[in-house]
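This briefing goes through one structure by topic. The sequence and the model are shown first, and the points follow.

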Amino acid sequence: MEFARIRPNDIQVGKALPWDVYNTQGKLLLGKGYVVSSDNQAGRLLQDGVFADARDLARTRANSGGGEAVSAPPPSTAQLISLCRKRLDQTYQRIVELGHSGQFVNRIDEIAGVVSKACDLNPHVAQAMILLRQDSRFPIRHMVNTAVVVRLVARAMRLPAASERSAVAAALTMNFGMVELQEMLNEQLAPLSQSQREALERHPEEGASLLASIGVTDPVWLTAVRQHHEFIDGTGYPAKLSGTAVSREAQLLGLADLFCARITPRAYRPAVASNAALRGILLDRGKSVDPEVAAYFIRALGVFPPGMLVKLANGEIAVVAEPGEKTSQPVVASVIGPQGDRLTLALRRDTSQEHYAIKETVDPKQFSTYVNMEAIWGQAAVISHA
């Protein structure tokens, strides 16, 4: 039996339940036909996390439109991130038209606002979407993923609201000058040609010039795009800037870009585990990366970011759900049992306990099981509008 998490709109007080209700351990709590008598009882059930047969739930949700009108739940974090990817792709496809009509800046500002709302609703799901949902073409998805990381770290840094929004807008547009090239390189197995390398090194300046030509006047936004491949030790490009000549927003954007690129698989290399990518950033502190910016970066994302796959001491494979009391001991949800069997429910585990301690990370390429995000994070991870 495949389980799905019960949502608030699934339970109607005073009416018989149309399916059996199970707890997080897969034990039957309430039988089909049981009548939930009060809002308080429904609230307690939902707070604890309850589940039903996924097919039965889908059936009742599909049929719910035939009776009284039920107000649709607000968009989830997962839906908002998916919406950002779709809208950004549409914006790129219409970039010339939107630039001529003077609507480009407004469109990017709207998408930046949706990214911010998604991160406010549930930052753990916003991060997990980067690792667990690879829908939409890579260049567009990568810019939205980077915008999520920029938003989370900028908030941890307590950047002024205007600077935060400018940095998020920069992330959403940093590669608008090389989308087709990036899409091709994502599938390319051969080493970069000289012309491709030169195009890559030109893209920050060309991207900033493109944005300026279609109405972007915000200097923080433009500078972040122009400098997001510069490093404080002067080893970056295109201008080989160093020290304080590289803006703080550009440094933040560059780190987020690098992190999201490393944890995403490419045709020519596997993904790097997200905690290994973070360690790499830590090793560069004081060299190519400002130590203070790197520290905020680690603090905001955590040593084991949500969505990461790990193997526990008891042999289970789990997904990191949220930070624990210690950064090295997050709360996880086990999805594969010690014998390799898929668990019917995502079981919450406290990795501070020896039995459930994290032993190693799991390569996503070796993990073929689809992760049901809704079973781990509930309503915040719902993607289907059904």
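The model is predicted. It contains an open sheet of 5 strands and a helix 8 that is largely enclosed by the rest of the structure, because 10 of its 13 residues are buried. A search of the whole structure gives 4 aromatic pairs, and the disulfide count is 0.

**The sheet**

- The strand order is 8-7-6-5-9, and the pairing is antiparallel.
- Strand 8 (342-350) and strand 9 (358-361) are the edge strands, each pairing on one side only.
- From one strand to the next, the twist averages 40°.
- Strands of a sheet pair through backbone hydrogen bonds, in either a parallel or an antiparallel arrangement.

**Strand pairs within the sheet**

- Strand 5 (residues 309-312) pairs with strand 6 in the antiparallel sense over 3 bridges, and Val310 stands opposite Ala318 in strand 6.
- The hairpin of strand 5 and strand 6 has 4 residues between the strands, and in this hairpin Gly315 takes a positive phi near 95°.
- Strand 6 also pairs with strand 7 in the antiparallel sense, over 5 bridges; here Ala318 stands opposite Ser334 in strand 7.
- Ala318 therefore has a partner in each of two strands, with Val310 in strand 5 and Ser334 in strand 7.
- Strand 7 (residues 331-336) and strand 8 are antiparallel and share 5 bridges, with Ser334 opposite Leu347 in strand 8.
- Strand 6 (residues 317-322) is mostly covered, with 5 of its 6 residues buried.

**Helix 8**

- Helix 8 (residues 161-173) has 13 residues, which at 1.5 Å a residue should span 18 Å; the end C-alpha atoms are 19 Å apart, in agreement with that value.
- The buried residues of helix 8 are Ser163, Glu164, Ser166, Ala167, Val168, Ala169, Ala170, Ala171, Leu172 and Thr173.
- The cover over these buried residues includes helix 3 (77-93), helix 5 (104-121) and helix 7 (138-157).
- Also part of that cover are helix 10 (194-213), helix 11 (219-227) and helix 12 (248-262).

**Aromatic pairs**

- A pair of aromatic rings is described by the distance of the centres and the angle of the planes.
- Among the 4 aromatic pairs, Phe3 and Tyr22 are edge-to-face, at 4.9 Å centre to centre and with 75° between the planes.
- This pair links distant parts of the chain, since Phe3 lies in strand 1 (residues 3-5) and Tyr22 in strand 2 (residues 21-22), 19 residues apart.
- Phe3 counts as buried at 7% relative accessibility, and Tyr22 is buried with a relative accessible area of 14%.
- Elsewhere, Tyr92, Phe104 and Phe176 are linked into a cluster by ring pairs.

**Cysteines**

- Which cysteine sulfur is closest to that of Cys84? The closest is in Cys119, at 8.8 Å, and this is too far for a bond because a disulfide needs the sulfur atoms within 2.5 Å.
- Cys119 also holds the closest cysteine sulfur to that of Cys260, at 11 Å, which is again too far for a bond.
- Cys84 is buried at 1% relative accessibility, and Cys260 is buried at 0%.

Technical notes
Residues are numbered from 1 along each chain as its sequence is written. This is a predicted model: local features need pLDDT of at least 70, side-chain atom pairs count only at pLDDT 80 or more; totals for chains, interfaces and linings use all residues. Side-chain values use heavy atoms; hydrogens and water are left out. Two strands pair if DSSP finds at least two bridges between them. Axes are lines fitted to C-alpha atoms, for helices over the stretch in contact, and angles run from 0 to 180 degrees between N-to-C directions. Rings of Phe, Tyr and Trp (its six-membered ring) pair if their centres lie within 6.5 Å; planes under 30 degrees apart count as stacked, over 60 as edge-to-face and the rest as tilted. Buried means under 20% relative accessible area, exposed over 50%, partly exposed in between (1.4 Å probe, protein chains only). The expected span of a helix is 1.5 Å times one less than its number of residues. Contact means heavy atoms within 4.5 Å.
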